[in-house]
Amino acid sequence: MARFNYINKLKCNLAFTALFCLLMGGHADARASHTILILGDSLSAEYGLVHGSGWVDLLEKKLQKEASPWNVFNASISGETSAGGLNRLPSLLEKKKPGLVIIELGANDGLRGLSIAASEKNLQKMIVMSKRSGAQVLLIGIQLPPNYGQDYTKQFANMFTRLAKTEGTAFLPFFLTGVIDKPELFQADRMHPNEQAQKVLFKNVWGALAPYYDLLQK
């Protein structure tokens, strides 16, 4: 009988330990979720800029000023496409466990004239994958120069609008609003915003994050 009681007691202790570890693991995940993951291309990767001067750093400074517990992890890569982002996202979600994912991809798809249907499918998978992991999502839209043809540029812009509506995400329709019509805000290549433009890009993103202001204070 004594041996039976000992075994039962041991089982209870093991069960309690397992429950404690599970709860602590959940708590660790909650802490880790105070991360904003930014998955973008050269527009978010500080291409041609002094390190620390991009809009992503301005976002991080804003969060610090607001005494927000959230941090920023910038996984942007110059030249990245929606397919590349989709390939990298599972690992990033697993390692960083973000509570918010900002997707700024698609520009390179459009500039290369890739299939809009394929790009839309990639972006949709990223949104769904992020939401299933427990993260909120901000989708950043981009528009192409008119020399890519009226039909293609219109369909490309509509792709982002349609995705945001279908998937119910926060949405910034055009990342370069307030920049695109000001030549002085571009680098010599006439494609990438310069350091002065980063404040405008940050304001655009911060405004689009309005649905998550309360979340960013928790």
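**Helix α2, the salt bridges and E46**

Me: What do the buried residues of helix α2 pack against?

Reply: They pack against β1 (35-40), β2 (71-74), β3 (100-104) and α7 (198-208). Contact means heavy atoms within 4.5 Å. The model is predicted: local features need pLDDT of at least 70, side-chain atom pairs count only at pLDDT 80 or more, and totals for chains, interfaces and linings use all residues. Residues are numbered from 1 along each chain as its sequence is written, and side-chain values use heavy atoms, leaving out hydrogens and water.

Me: What makes α2 a helix?

Reply: Helices are DSSP runs of H or I with at least four residues, strands are runs of E with at least two, and numbering starts at the N terminus. Helix α2 covers residues 55-65, so the run qualifies. The chain has seven helices and five strands. In sequence order they read α-β-α-β-α-β-α-α-β-α-β-α.

Me: How do you know that the buried residues of α2 share a side?

Reply: The buried residues are W55, V56, L59 and L63. They span an arc of only 105° around the axis, which puts them on the same side of α2. That arc is taken from the directions from the helix axis to the C-beta atoms. On the other side, Q64 and K65 are exposed. Just after α2, A67 takes a positive phi of about 60°.

Me: Why is the pair R162 and E120 called a salt bridge?

Reply: The definition asks for a side-chain nitrogen of Lys or Arg within 4 Å of a carboxyl oxygen of Asp or Glu. The closest N and O atoms of R162 and E120 are 2.8 Å apart, so the pair passes. R162 lies in α6 (residues 150-167) and E120 in α5 (residues 116-132), so the bridge ties together parts that are 42 residues apart in sequence.

Me: Why is E120 called buried and R162 partly exposed?

Reply: Buried is under 20% relative accessible area, exposed is over 50%, and partly exposed is in between (1.4 Å probe, protein chains only). E120 has 18% and is therefore buried. R162 has 38%, so R162 is partly exposed.

Me: Which other salt bridges can be named, and how do their residues rate for exposure?

Reply: The search of the whole structure finds four salt bridges. Among them is E66 with K62, at 3.0 Å between the closest N and O atoms. E66 has 32% relative accessibility and counts as partly exposed. K62 has 23% and is partly exposed. D181 and K182 also meet in a salt bridge, at 3.7 Å, N to O. D181 counts as exposed at 56%. K182 has 31% and counts as partly exposed.

Me: How do you know that E46 has no salt bridge?

Reply: The nearest side chain of opposite charge, K61, is 8.4 Å away, so the salt-bridge cut-off is not met. For charge, Lys and Arg count as positive and Asp and Glu as negative; His and the chain ends are not counted. E46 is buried and is found in the loop between β1 and α2.

Me: What makes the link between E46 and H51 a polar contact?

Reply: A polar contact is a pair of N or O atoms within 3.5 Å; within protein, one must be able to donate a hydrogen and the other to accept it, and residues adjacent in sequence count only if both atoms are side-chain atoms. The side chains of E46 and H51 are joined at 3.2 Å, so the distance fits. The backbone nitrogen of G52 lies 2.8 Å from a polar atom of the E46 side chain.
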